[in-house]
Structures are given as structure tokens and as C-alpha cells.
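Reader: I would like to go through this model term by term. Please set each value against its cut-off.

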Amino acid sequence: MTREQTRKLQNYTALSLSGLAAFVGLFWLVFILGDVLVHGIGALKWDLFLKDGVPAGMTGGGLRHAFIGQLMITLAATLIGVPVGVLGGTFLAEYARGTTMARIISVLADIMVSVPSIVIGAFVYAIIVRPLHHFSGWAGAIALSIIMIPVVLRTTEDMLSLVPWTIREAAFALGAPYYKVIIQVVYRGAATGILTGILLSMARVAGETAPLLFTSFNNTFFSTNMNGPIASLTVTIFQYAMGPYDDWHQQAWAASFVITLFILGLTVTGRALLKWRYKK
């Protein structure tokens, strides 16, 4: 066999194995999404959004309490995590640019992105839930915000670093102080990328269950009190899917479809914004 034939064989083998791996991954993705789609649409009803849960063993009811609770926890986590992440990324990209500390914090943020969410949930349980002797929606929001912060921080740092330094120098030449340059010039240039990071971080935490089991726990009743246990959609899906009742299973499928659609929408929006930004 000639050298050219050997290289062609190696190329064909590598291409075949790569294509097979991509097909296997895509197959399971389509299978899971298709299964959620088929079962979820069939169980989707207006009562799911308009009614609260009913006692175990009874049919009917909905998951209004879980939807509201999930929305409140996610919104609170966003209000906590996004400012911290944006300000942290701004510090690394503007004030600590090129320093050893910035590199260390960036590496730690990358590690935090990969940390299992259940570890973060256990950490928040140890420092907030246990000392206060009760679960709360705020503890769940803090756990989710800790997951969001490294994603927003790294995205903000990368996007701000892409803004040319000459733009800052032009603003400095006009007599603008550094904080005004960041707010009125640099942030505007990186706004789309930062928004993309925020959307992706929200998609990252929207489907989390483990941290909420340790922190906000759950509530079978409608409650907007963030100082006590509060319902969340992901934990409710887990409990209903593990339950023995067919009606619970149907509602769990419908809720899974809704939350999958929400996460998919956030991810697609974030990717579209990022692609649009690079085309400009």
C-alpha cells in the first residue's frame, strides 16, 4: 500500500468514526427531545398553568404554584448573580487586565462552571439553611446565583477584552474618566455579548434540581414567601415523576416540555445574538 493510499485510509477511518460518534450523540438528543415533545404536548392543558396542585391520589389540578415559584427563584438568582458576574468580569478585563490575579480568578471561574450543582446546593445548605434551621426560596436563589456568576463573569471578561483599547484611548483623549469610559463606551460595544452570557447563564440554571432540593426544598401549596420553603418546577417534576399516580406523570411530562422549550428558547436566542454581534 502506498503512502497516499495509507493516508486516504486513515482519513476515511477517522471521518467514519467521527461521523458515527456525531450520529450517536444526535440520535439520543433527538430521541430525548422527541419523547418529551410527544408526551408533553399530549398532557399540556390550560389547567396546568391556572390551577394549583391537588392532594395525592386525586386527579386534576395544575402546577401554577410550581411555575410561580420557579419564576421567583430564577428571577431572584438573576438579580443576585448577574450584577456580581458583570462587575467581576469588568474588574478582570479592565482593572486587573494581564495580572496574575486575573488569570487565577479566570481559571477558578472556569473550574466553577464545571462543578456539579449538587455540590453547590450542599454548600449553600451548610452555610445558610442549616444555621437558619429552615429552607427558603432565598437559599435556592443564592445557590442558583452561584452557578450563574462564573458563566456571566467569563463571558463579560471575554467580551470586554474584545473591545479595542484604541477606543478607550480615544475616550481618554476627550477627558472622560475611566468609569465613564467603561459605562458609556466599553459596555455599549460589548452589550450584545454580555446579554448573550446572561441568557446562557439563565438557561444553565433554569433546569437545575439538585441545588433546590437542598435549599428551597419544595411546597405543595401556592406560596410567594421567599423566606420559607417554596415550590419549584424542577423539584416538582422530580417528585411527580417518582410518584405512583398516572396524573402526576402526565403533569410531569407537560412541565418537562415547558421547561425544555424555555431553555431551548433562551439558548437559541443567546446563540443568535452572539452570531449577529460577530456579523456586525
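Reader: Which residues do ring pairs link into a cluster?

Author: Phe23, Phe27, Trp28 and Phe31. A word on the basis: this is a predicted model, where local features need pLDDT of at least 70, side-chain atom pairs count only at pLDDT 80 or more, and totals for chains, interfaces and linings use all residues. Residues are numbered from 1 along each chain as its sequence is written, and side-chain values use heavy atoms, with hydrogens and water left out.

Reader: What makes two rings a pair?

Author: Rings of Phe, Tyr and Trp (its six-membered ring) pair if their centres lie within 6.5 Å. Planes under 30 degrees apart are stacked, those over 60 are edge-to-face, and the rest are tilted. The structure holds 14 such aromatic pairs.

Reader: Why is the pair of Phe49 and Phe67 called tilted?

Author: The ring centres are 5.0 Å apart, and the planes stand at 35°. That angle is neither under 30 nor over 60 degrees, so the pair is tilted. Phe49 sits in helix H2 (residues 47–50) and Phe67 in helix H3, 18 residues apart, and the pair links distant parts of the chain. Helices here are DSSP runs (H or I, at least four residues), numbered from the N terminus.

Reader: Are Phe49 and Phe67 buried or exposed?

Author: The scale is relative accessible area: buried is under 20%, exposed is over 50%, and partly exposed is in between (1.4 Å probe, protein chains only). Phe49 has 30%, so Phe49 counts as partly exposed. Phe67 has 17%, so Phe67 is buried.

Reader: What makes the pair of Tyr245 and Trp248 edge-to-face?

Author: The planes are 75° apart, with 5.0 Å from centre to centre. An angle over 60 degrees counts as edge-to-face, so the name fits. Tyr245, at 31%, is partly exposed. Trp248, at 16%, is buried.

Reader: How do you know that Arg64 lies over the face of Phe222?

Author: The rule asks for NZ of Lys or CZ of Arg within 6 Å of the ring centre and within 35 degrees of the ring normal. Arg64 is at 4.3 Å from the centre of the Phe222 ring and lies over its face.

Reader: Why is the contact of Glu4 with Lys8 called a salt bridge?

Author: A salt bridge needs a side-chain nitrogen of Lys or Arg within 4 Å of a carboxyl oxygen of Asp or Glu. The closest N and O atoms of Glu4 and Lys8 are 3.5 Å apart, so the pair qualifies. Glu4 and Lys8 are four residues apart in helix H1 (residues 3–43), which means about one helical turn between them. Both Glu4 and Lys8 are exposed. A search of the whole structure finds eight salt bridges.

Reader: What does the salt bridge of Asp110 and Arg154 tie together?

Author: The N to O distance is 2.8 Å. Asp110 lies in helix H4 (residues 100–114) and Arg154 in helix H6 (residues 137–162), so the pair ties together parts that are 44 residues apart in sequence. Asp110 is at 39%, and therefore partly exposed. A network of salt bridges links Asp110, Arg154, Glu157 and Asp158.

Reader: Which residue forms a salt bridge with Arg204?

Author: Glu208, with the closest N and O atoms 2.5 Å apart. Arg204 is partly exposed at 28%. Glu208 is buried at 12%.

Reader: What makes a space a pocket?

Author: The search uses a 1 Å grid over the protein atoms alone. A pocket is an open set of points where a 1.4 Å probe fits, with protein on both sides within 12 Å along at least five of seven lines. Lining residues have an atom within 4 Å of a point. The largest pocket holds about 280 Å³ (the space filled by probe spheres set on the points, which are joined across faces, edges and corners). Its lining includes Phe67, Leu71, Met202 and Phe262. Helix H3 gives the largest share of that lining, six residues.

Reader: How do the lining residues of the largest pocket divide?

Author: Nine are nonpolar, three polar and none charged. Ala, Val, Leu, Ile, Met, Phe, Trp, Tyr, Cys and Pro count as nonpolar, Asp, Glu, Lys and Arg as charged, and the others, Gly among them, as polar.

Reader: Which residues lie nearest the centre of the second largest pocket?

Author: Gly53, Val54, Thr220, Tyr240 and Trp248, out of 13 lining residues. The volume of this second largest pocket is about 210 Å³. Its lining has six nonpolar, seven polar and no charged residues.

Note on methods: Helix = DSSP H or I, 4+ residues; strand = E, 2+ residues; numbered from the N terminus.
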